[in-house]
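The paragraphs below lead a newcomer through one protein model, a step at a time. Please keep the sequence and the 3D view open while reading.

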Amino acid sequence: MNYRQYVNIPTWKFRSPLDELYRIRKQMEELYQDSTVPTQRAGAGVFPLINLTEDKNSYYVRAELPGVKADELDIQVTANNLAISGERKIAAVAEGARYHRREREAGTFSRMIGLPGDINPDKVDAKLKNGLLTVVVSKAEVAKPKQIAVSS
C-alpha cells in the first residue's frame, strides 16, 4: 500500500542534472517555430498587395495603390522579375490631433515579383486607374504553350 497517495505527499523522482537543460532547449525550439510561422493577416507589413494571374499569352499583375499617382511609380522588368517601387504620401493631420488607430503609413515602397516563366521585356503595359495598377507582361515565345500535332 502506498501511503503517500492517501496523505497527498508528492513523490520524488530521480532527475538527471541535464533534465533542466533539455526542458529549456525544448522551449527554445517551440519559441523559434512559433516565430517562423507566417501570420495570417493580409498584407502584414507588405505594400502594395498584389495578385498575379496568367493566361496563354501574358502575365497580369494587379496591385492596390490607393492615393499613389502614376508619376510616383517606377516599374522595371528584368529576366523574369517585375519591380514596382514608388512613394505613398498621406495628408498630414492637424497639429495636436491624437491617433486612435494608425494602419496606413506613408513612405517609399518596393516590391519584386518573380514571374513563373520567361517574359518579353519589350511588351509590357502598365495602367493605373482608381488606385488599381494593372501591369500586363507578355510571355516570351519560349514560355508560350505550343500545340503539337500527333501523327500516326
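A good place to begin is Thr78, which stands opposite Asn81 in strand E4. This is a predicted model, in which local features need pLDDT of at least 70 and side-chain atom pairs count only at pLDDT 80 or more, while totals for chains, interfaces and linings use all residues. Residues are numbered from 1 along each chain as its sequence is written, and side-chain values use heavy atoms, with hydrogens and water left out.

The facing residues just named belong to a pairing in which six bridges join E3 to strand E4 (residues 81–88), the two running antiparallel; strands count as paired if DSSP finds at least two bridges between them. Strands of a sheet pair through backbone hydrogen bonds, either parallel or antiparallel. Here three strands form an open sheet in the order E3-E4-E5, with antiparallel pairing. Strand E3 (73–78) and strand E5 (107–114) stand at the edges with a single partner strand each, so one side of each is left without a neighbour in the sheet. On average, and with direction ignored, neighbouring strands of this sheet are turned by 10 degrees against each other, the axes being lines fitted to C-alpha atoms.

Seen as a whole, the protein has two helices and seven strands, where helices (H or I, at least four residues) and strands (E, at least two) are DSSP runs numbered from the N terminus. Along the sequence these elements follow the pattern α-α-β-β-β-β-β-β-β. Of the 152 residues, 18% count as buried, a word that here means under 20% relative accessible area, with exposed meaning over 50% and partly exposed lying in between (1.4 Å probe, protein chains only).

Another group of strands centres on E2 (residues 58–64), where five of the seven residues are buried, so that this strand is largely enclosed by the rest of the structure. Strand E1 (residues 50–54) is joined to E2 by five bridges in an antiparallel arrangement, and E1 and E2 form a hairpin with three residues between them. Within this pairing, Asn51 stands opposite Arg62 in E2. E2 also pairs with E7 in the antiparallel sense, over seven bridges, and Tyr60 stands opposite Val136 in E7.

Strand E7 (residues 132–139) also includes Lys139, which is buried, with a relative accessible area of 6%. The side chains of Lys139 and Glu54 are joined by a polar contact of 2.5 Å. Leaving aside neighbours within four places in sequence, Lys139 is in contact (heavy atoms within 4.5 Å) with residues including Asp55, Tyr59, Asp118 and Lys144.

Side chains of opposite charge can pair when their charged atoms come close. The structure holds four salt bridges, each a side-chain nitrogen of Lys or Arg within 4 Å of a carboxyl oxygen of Asp or Glu. One of them links Arg23 to Glu20, with the closest N and O atoms 2.3 Å apart; being three residues apart in helix H2 (residues 19–36), Arg23 and Glu20 are separated by about one helical turn. Another joins the side chains of Arg25 and Glu29 at 3.2 Å, N to O, and these residues, four apart in helix H2, are likewise separated by about one helical turn.

A salt bridge also joins the side chains of Lys89 and Glu72 (3.7 Å, N to O). This pair links distant parts of the chain, 17 residues apart, with Lys89 in the loop between E4 and E5 and Glu72 in the loop between E2 and E3. Lys89 is exposed, with a relative accessible area of 52%, whereas Glu72 is buried, with a relative accessible area of 19%.

Definitions and conventions
Axes are lines fitted to C-alpha atoms, for helices over the stretch in contact, and angles run from 0 to 180 degrees between N-to-C directions. A polar contact is a pair of N or O atoms within 3.5 Å; within protein, one must be able to donate a hydrogen and the other to accept it, and residues adjacent in sequence count only if both atoms are side-chain atoms.
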